[in-house]
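Here is a short report for a reader meeting this structure for the first time. Take a look at the sequence and the model, then read on.

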Amino acid sequence: MKLFTVGPVACYPQVLEEMGRQMFSHRSKDYIDLHKDLTFLLKEFLETESEIFFFPSSGTGFMEASVRNCVERKMLICVNGSFGERYVEVAKANGKEVVVLETELGEPIMPDVLDDYLKRNPDVEAVAVTHNETSVGLINPLEKIASVVKSHGKLLFVDAVSSMGGVDIKVDKWGIDVCFTSSQKCFGIPPGLAVASVSAEALKKSANMRNKGWYFDFILYKKYNERFSTPTTPPIPQMLGLRRILMIIRDEWGGKYKYFELYRERNRIIREGVEKIGLTLFPRKGFESPTVSCINAPKGMSGDEVYEAMRARGFELAHGYGKIKDKTFRIGNMGYIEFKDIYEMLKNLEEVVKSKI
Ligand SMILES: Cc1ncc(COP(=O)(O)O)c(C=O)c1O
């Protein structure tokens, strides 16, 4: 099966090979070296001096941690799809008051609208935004959003689960306080590891926070980070895989900008290919995601039917998600994908679509 999923995605062969190594203790020198290397590589990749934390969870662990560590009472959450909705659920489940800025589906978060919301809600402590809304295949203008959030002096949490690794994020320059992802997306690693940068401001807030729990306490993580360790057993194989891929990107593939170019190129071929078949993309033009294309189902077919027909031909795409589940299907371009497979997939998609006309 050729994977064009939106996570877990196909893993790079070098990653799988690295993950097959014999285990070592997370209190050994081998682990300290791994933690140290990975911290350095991620700081370089994200252009940040923030702390880097490794959670033995999926990305949502950091959603919960950002809320518990850094919000005492009230926050603003930008919603333009299912993962923004999840942030709201997580914040409410942790007893926080939430102001929701919600767009119509397929529309981006506009910085001027956010500015207006922040003027009208000066008492929020933080703003959360989904950088790349995987459910609708849309990327939000993060740099501009960050600039608005910082002009109001608020903490900024970024769900970069389907963007980190596929598109540039300048954590310090843009002023992001918590920026997180999961291993099973753009870095092409199996699920089980979440990573994030956490700023000094976010740590300051966490230091005085009550009832934040223990398992995802940023201050506890910071204490262990000082000796390149973690409070509990980390997912060492995923960390080994991540170190390997970050080193390959840096030393063999020409650096992160070349890697982002690869993403743009794969995405361009998919997008132009589906448009040539006569299909249209769901999100507003100019805000299409560079890592996942959300495509309107052709006339006479549901998104699920396209998915099933493609699966029968050996291509695993992704179902539509959330409120537009039936009307769309998605094609991811994250992780290990070869160009020849993209062309083969598009040829099959054309046959599937034409068979219904
Ligand atoms: C944008 C976004 N946020 C959050 C999540 C949840 O990530 P996880 O399943 O790693 O917790 C996903 C998963 O697809 C996602 O795409």
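Which residues are around the ligand? The model is a predicted one. In it, the ligand is surrounded by Gly 7, Ser 58, Gly 59, Thr 60, Phe 83, Thr 130, Thr 134, Asp 159, Val 161, Ser 162 and Ser 182. By class, this shell holds 8 polar, 2 nonpolar and 1 charged residues.

**The seven-stranded sheet**

One open sheet is built from 7 strands. Their order is 2-10-9-8-5-3-4, and the pairing is mixed. Strand 2 (51–55) and strand 4 (97–102) are the edge strands, and each pairs on one side only. On average, neighbouring strands of this sheet are turned by 20° against each other, direction ignored.

Strand 5 (residues 126–130) and strand 8 (residues 155–159) belong together as a pair: they run in the parallel sense over 5 bridges. Val 129 has its bridge partner in strand 8, namely Val 158. Helix 5 (residues 111–120) packs on the sheet, where it touches strand 3 (74–79) and strand 4.

**The three-stranded sheet**

Another open sheet has 3 strands in the order 11-14-13, with antiparallel pairing. Its edge strands are strand 11 (292–296) and strand 13 (318–319), each pairing on one side only. Strand 13 is joined to strand 14 (residues 328–332) by 2 bridges, and the two run antiparallel. Ala 318 has Arg 330 of strand 14 as its bridge partner. Helix 11 (residues 256–277) packs on this sheet and touches strand 11 and strand 14. Helix 12 packs on it too, touching strand 13 and strand 14.

The table lists the directions of the helices that pack on the sheets.

| Helix | Strand compared | Angle between directions |
|---|---|---|
| Helix 5 | Strand 4 | about 150° |
| Helix 11 | Strand 11 | about 10° |
| Helix 12 | Strand 14 | about 45° |

**Two packed helices**

How do two packed helices get described? The angle between their axes and the distance between the axes are used. Helix 12 (residues 303–312) packs against helix 13 (residues 339–354) at an angle of about 125°, and their axes are 10 Å apart. The two helices are therefore oblique to each other. Their crossing is right-handed.

Which residues of helix 12 and helix 13 meet? Val 306, Ala 309 and Met 310 come from helix 12, while Asn 348, Leu 349 and Val 352 come from helix 13. By class, this contact has 5 nonpolar residues, 1 polar residue and no charged residues.

Notes:
Residues are numbered from 1 along each chain as its sequence is written. This is a predicted model: local features need pLDDT of at least 70, side-chain atom pairs count only at pLDDT 80 or more; totals for chains, interfaces and linings use all residues. A residue is near a molecule or strand if its C-beta atom, placed from the backbone, lies within 6 Å of it. Ala, Val, Leu, Ile, Met, Phe, Trp, Tyr, Cys and Pro count as nonpolar, Asp, Glu, Lys and Arg as charged, and the others, Gly among them, as polar. Axes are lines fitted to C-alpha atoms, for helices over the stretch in contact, and angles run from 0 to 180 degrees between N-to-C directions. Helices (H or I, at least four residues) and strands (E, at least two) are DSSP runs, numbered from the N terminus. Angles under 35 degrees count as roughly parallel, over 145 as roughly antiparallel, 65 to 115 as roughly perpendicular and the rest as oblique. A crossing is left-handed if the near helix is turned anticlockwise from the far one by less than a right angle, and right-handed if clockwise. Two residues are in contact if their C-beta atoms, placed from the backbone, lie within 7 Å. Two strands pair if DSSP finds at least two bridges between them.
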